[in-house]
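This tour proceeds by selections in the viewer. Please open the structure and keep the selection panel at hand.

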Amino acid sequence: MSKIISVHSFRGGTGKSNTTANVSTLLAAQGLRVGVVDTDIQSPGIHVLFGLKEDDIQHSLNDYLWGQCAIEKTAHDVGQNLDANNNSDSKIGPGQLFLIPASMKPGEIARVLREGYDVGMLNDGFHDLIDALKLDVLMIDTHPGLNDETLLSIAISDALAIIMRPDQQDYQGTGVTVEVARKLGVPHMLLVVNKAPPLLDAEEIRSRVEKTYNCEVATVIPHSDEVMTLASAGVFVLRYPDNPITAKLKQVTARLMA
Ligand SMILES: Nc1ncnc2c1ncn2[C@@H]1O[C@H](COP(=O)(O)OP(=O)(O)O)[C@@H](O)[C@H]1O
Ligand SMILES: [Mg+2]
């Protein structure tokens with residue numbers, strides 16, 4: 001049985017793409033066949049973490065949504081890229097990691113904003129991908145806030161990770177997202193608190209957030225100079241396999257697969 005996991009947040013810049021890239025890499029490193037779809041069509045970015053250059057993107061999710069190709073044509077084997085560029089011992093190894101990138105071409109982004117697209121095609125596309133690539137896990141990196149495509153991805157997910165910072169604006173917005181996800185009947189939802197000030201007590205944050213939303217907090221990840229310095233130029237868990245943040249990302253991965 002394959003599994004669909006969405007990573008969402010109400011506000012932007014919380015760490016969705018970093019979390020998605022790291023969790024999908026950890027799953028592939030366990031030997032699973034993993035697909036990642038960048039549904040943040042308005043501001044795509046996760047291809048950068050996987051080292052996929054714009055010039056190497058032959059077909060994007062946009063082409064599929066406009067009926068120009070089958071969705072499996074848009075899949076890029078980023079696992080191979082990561083292993084080739086990674087000097088450390090930690091490799092993706094036997095698993096497979098595919099990215100379905102969204103287009104970075106200004107005209108194509110503008111077209112989506114202007115014309116929209118048939119959200120039903122996304123749903124068909126996700127299932128076609130799972131079949132064509134024989135995926136164990138499909139991960140969806142989303143655009144922040146609530147719109148048609150995030151509602152769809154939440155509704156069809158087996159598991160949902162909502163990323164939030166310990167910030168009053170995030171607290172309110174996360175409440176909205178949690179409520180929507182409950183109404184949509186997501187089987188498994190968990191929160192990840194990211195960018196916590198290292199001076200604050202992580203346990204205290206966890207219990208406060210869990211009480212506020214009556215929802216599991218998978219982990220509290222501190223604001224990290226290493227993550228900031230890597231600056232999305234790679235996948236953290238491969239670069240820093242022994243860092244405490246890698247252990248926290250493994251915990252998120254385990255909870256999402258539970
Ligand atoms: N724990 C963290 N500590 C420091 N910086 C972080 C952390 N998590 C993410 N970042 C940084 O925050 C920025 C936004 O992350 P990103 O994953 O792109 O968020 P989103 O996809 O939600 O917009 C990036 O510059 C990333 O390196
Ligand atoms: Mg993002």
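Helices, as named here, are DSSP runs of at least four residues, numbered from the N terminus. The model on display is predicted.

**Stop 1: the ligand and its shell**

Begin by selecting ligand 1. The space that ligand 1 takes is the largest pocket. Now display the 15 residues around ligand 1; those that come nearest are K16, N18, N194, K195 and S224.

Which element gives the most to the shell around ligand 1? Select helix α1, residues 16-29: α1 gives the most, with three residues. Then add β7 (188-196), β8 (217-222) and α10 (225-230) to the selection. Each of these, like α1, supplies at least two residues of the shell.

Colour the shell by residue character. Four of the shell residues are nonpolar, nine are polar and two are charged.

**Stop 2: backbone atoms beside the ligand**

Select T14, G15 and S17 in turn, and show their backbone atoms together with the oxygen atoms of ligand 1.

- T14: a backbone N or O atom lies 3.2 Å from an oxygen atom of ligand 1.
- G15: a backbone N or O atom lies 3.0 Å from an oxygen atom of ligand 1.
- S17: a backbone N or O atom lies 2.9 Å from an oxygen atom of ligand 1.

How much of the accessible area of ligand 1 does the protein cover? On its own, ligand 1 has 560 Å² of accessible area, and the protein covers 82% of that.

**Stop 3: N22 in helix α1**

Stay with helix α1 and select N22, which has its place there. Is N22 buried or exposed? The limit for a buried residue is under 20% relative accessible area. N22 has a relative accessible area of 2%, and therefore it is buried.

Show the side chain of N22 next, and look for its polar atoms. The backbone oxygen of N18 lies 2.7 Å from a polar atom of this side chain. The backbone nitrogen of V237 lies 2.9 Å from a polar atom of the side chain of N22. N18 has already appeared on this tour, among the residues that come nearest to ligand 1.

**Stop 4: K195 and K134**

Return to strand β7 and select K195, which belongs to that strand. K195 is also among the residues that come nearest to ligand 1. Its phi is near 60°, a positive value in a residue other than glycine. K195 counts as partly exposed because its relative accessibility is 33%.

Now select K134, in the loop between α6 (119-132) and β5 (137-141). K134 has a positive phi of about 50°, although it is not a glycine. At 60% relative accessibility, K134 counts as exposed.

**Stop 5: the loop between α5 and α6**

Select Y117, in the loop between α5 (106-115) and α6. Y117 is buried, because its relative accessible area is 17%. Draw a distance from its C-alpha to that of E149: the two residues are 32 apart in sequence and 9.8 Å apart in space.

D118 lies in the loop between α5 and α6 as well. With a relative accessible area of 48%, D118 is partly exposed. Show its side chain: the backbone nitrogen of G120 lies 2.9 Å from one of its polar atoms. Then draw the C-alpha distance from D118 to M104, which is 20 Å for 14 residues of sequence.

**Stop 6: D170 and L200**

Select helix α8, residues 168-183, and pick out D170 within the helix. Is D170 buried or exposed? D170 is buried, because its relative accessible area is 2%. How far is D170 from G35 in space? Between their C-alpha atoms there are 28 Å, and in sequence they are 135 residues apart.

Finally, select L200, in the loop between β7 and α9 (202-213). L200 counts as partly exposed because its relative accessibility is 44%. Add W66 to the selection and draw the C-alpha distance: L200 and W66 are 47 Å apart in space and 134 residues apart in sequence.

Note on methods
Residues are numbered from 1 along each chain as its sequence is written. Chains are lettered from A and ligands numbered from 1 in the order in which they are written. This is a predicted model: local features need pLDDT of at least 70, side-chain atom pairs count only at pLDDT 80 or more; totals for chains, interfaces and linings use all residues. Side-chain values use heavy atoms; hydrogens and water are left out. A residue is near a molecule or strand if one of its heavy atoms lies within 4 Å of it. A polar contact is a pair of N or O atoms within 3.5 Å; within protein, one must be able to donate a hydrogen and the other to accept it, and residues adjacent in sequence count only if both atoms are side-chain atoms. Accessible areas come from the Shrake-Rupley method with a 1.4 Å probe; for residues, only the protein chains shown count as cover. On a 1 Å grid over the protein atoms alone, a cavity is a set of points where a 1.4 Å probe fits but cannot get out, and a pocket is an open set with protein on both sides within 12 Å along at least five of seven lines; lining residues have an atom within 4 Å of a point. A molecule sits in a cavity or pocket if more than half of its atoms lie within 2 Å of its grid points. Ala, Val, Leu, Ile, Met, Phe, Trp, Tyr, Cys and Pro count as nonpolar, Asp, Glu, Lys and Arg as charged, and the others, Gly among them, as polar. Buried means under 20% relative accessible area, exposed over 50%, partly exposed in between (1.4 Å probe, protein chains only).
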